[in-house]
Amino acid sequence: MNKILTVNILALVLFTSINPAYAENASNPLAAVNNTDMRLQYFDLQGSADRYDFWAADGAVMLTPKLKLKYEVHYWDTDVTGSREGGLESVHVKPIYFPEKMVGMLGEWKYKLAVGGELIIDGGNEDDGIGSGSDQIAPLVGMALARGNTVVVPLMQHFVDIDGPDVNTTAFRMIVIQSLPNKYWAKLDAIVPVDWEHDNEIPATIEAQLGKMLSPSFGLYGDALFGVGTDRPFDWGVGLGVRFNY
């Protein structure tokens, strides 16, 4: 019996070490995971327009234990111009670095810091109401705080244009992820951008997500999205996602 127990423990340790996504949720942008999601979101825009945002890829790969590369590919379908149009909205590449010396305890919370940046390449379909028309870079700094089954992630990111219309926006983001029984999870993601180019507009949004890992490598989730304030980019939205961990 002791030998069987020892073998089971060693198998669990090995499984967790080669499958870090089993312990960390890929909805956390600072999680050390390898994953690819496919997502579809519908947005009810102000007025009578709407938009579908198909995330052809939303994922990450750990290049080293300290360096993560996130990526996103967005395809929009919208009638914001008065006629139905579809096209590539943007491609995002986001390297994130975790300094080893900045991992430790903060009271009862385990924390790790992260620094990185994001390159956003616009799809060039702004005449169809798709995208901003600007290629951008966006340095970021964030922290992941974990205690029990709860993870809290405050992030700050500043977006500036490198080509196209002017962009000068600082985004403050707060993510809370709660692990639930039976491999369910809940996530709340609030983003408060301040657009310095347009009279300090604040197109704030909130996303609520509920998901379940059906196995260590496959999960499903749904999103409910809400625009906040008079500068909100949309009124409400819903979404579905499929997750592959590897």
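# A first look at a chain of strands

Welcome: this chain contains one helix and 13 strands. The model is a predicted one. Starting at the N terminus, the helix comes before the strands, in the order α-β-β-β-β-β-β-β-β-β-β-β-β-β. The points below begin with the chain as a whole and then turn to particular strands and residues.

**The chain as a whole**

- The chain has 246 residues, and 39% of them are buried.
- About 12900 Å² of the chain is exposed, with 64% of that area supplied by carbon and sulfur atoms.
- If you count contacts between residues at least 6 apart in sequence, 49% of them link residues at least 24 apart.

**Strands β7, β8 and β9**

- Strand β7 covers residues 135-147 and strand β8 covers residues 150-163; the two run antiparallel and are joined by nine bridges.
- One residue pair to look for here is G142 with its bridge partner L155 in β8.
- Two residues sit between the strands in the hairpin of β7 and β8, where G148 has a positive phi near 60°.
- Strand β8 also pairs with β9, again in the antiparallel sense, through eleven bridges.
- For Q157, the bridge partner in β9 is A171.
- The hairpin of β8 and β9 has four residues between its strands, and G164 there adopts a positive phi near 95°.

**A138, a residue to find in β7**

- A138 is part of strand β7.
- Is A138 buried or exposed? Its relative accessibility is 1%, so A138 counts as buried, the cut-off being under 20%.
- Leaving out neighbours within four places in sequence, A138 contacts G117, E118, Q157, H158 and F159.
- One of these, H158, is 20 residues away from A138 along the chain, yet their C-alpha atoms are 5.1 Å apart.

**The largest nonpolar core**

- Which residues touch the most other members of the largest nonpolar core? Among its 14 residues, they are L30, F98 and V153.
- Strands β8 and β9 each contribute at least two residues to this core.
- Once residues up to four places away in sequence are set aside, L30 touches E24, K68, I96, F98, K112, A114, G142, M143, A144, V153 and L155.
- That list for L30 includes F98 and V153, and it also includes G142 and L155, which you met above as bridge partners.
- As a general background, nonpolar side chains in soluble globular proteins tend to be buried together.

**V192, a residue to find in β10**

- V192 belongs to strand β10, which spans residues 184-195.
- With a relative accessibility of 34%, V192 counts as partly exposed.
- Beyond its neighbours within four places in sequence, V192 makes contact with T170, A171, F172, I202 and A204.
- A171, one of those contacts, is also the bridge partner of Q157.
- V192 and T205 are 13 residues apart along the chain, and 6.7 Å separates their C-alpha atoms.

**A nonpolar patch on the surface**

- M174, V176, L188, I206, F226, V228, W236 and V238 make up a nonpolar patch on the surface, and together they have about 630 Å² of accessible area.
- Which strands supply at least two residues each to the nonpolar patch? They are β9 (168-179), β12 (218-228) and β13 (236-245).
- V238, one of the patch residues, lies in strand β13.
- The relative accessibility of V238 is 41%, so V238 counts as partly exposed.
- Strand β9 therefore appears in two settings, supplying at least two residues to the nonpolar core and at least two to the surface patch.

Key:
Residues are numbered from 1 along each chain as its sequence is written. This is a predicted model: local features need pLDDT of at least 70, side-chain atom pairs count only at pLDDT 80 or more; totals for chains, interfaces and linings use all residues. Side-chain values use heavy atoms; hydrogens and water are left out. Patches are made of residues with over 30% relative accessible area and no salt bridge: like charges are joined within 9 Å, nonpolar side chains (Val, Leu, Ile, Met, Phe, Trp, Tyr) within 5 Å. Accessible areas come from the Shrake-Rupley method with a 1.4 Å probe; for residues, only the protein chains shown count as cover. A salt bridge is a side-chain nitrogen of Lys or Arg within 4 Å of a carboxyl oxygen of Asp or Glu. Buried means under 20% relative accessible area, exposed over 50%, partly exposed in between (1.4 Å probe, protein chains only). Contact means heavy atoms within 4.5 Å. Two strands pair if DSSP finds at least two bridges between them. A nonpolar core is a set of buried Ala, Val, Leu, Ile, Met, Phe, Trp, Tyr and Cys residues joined through side-chain atoms within 4.5 Å.
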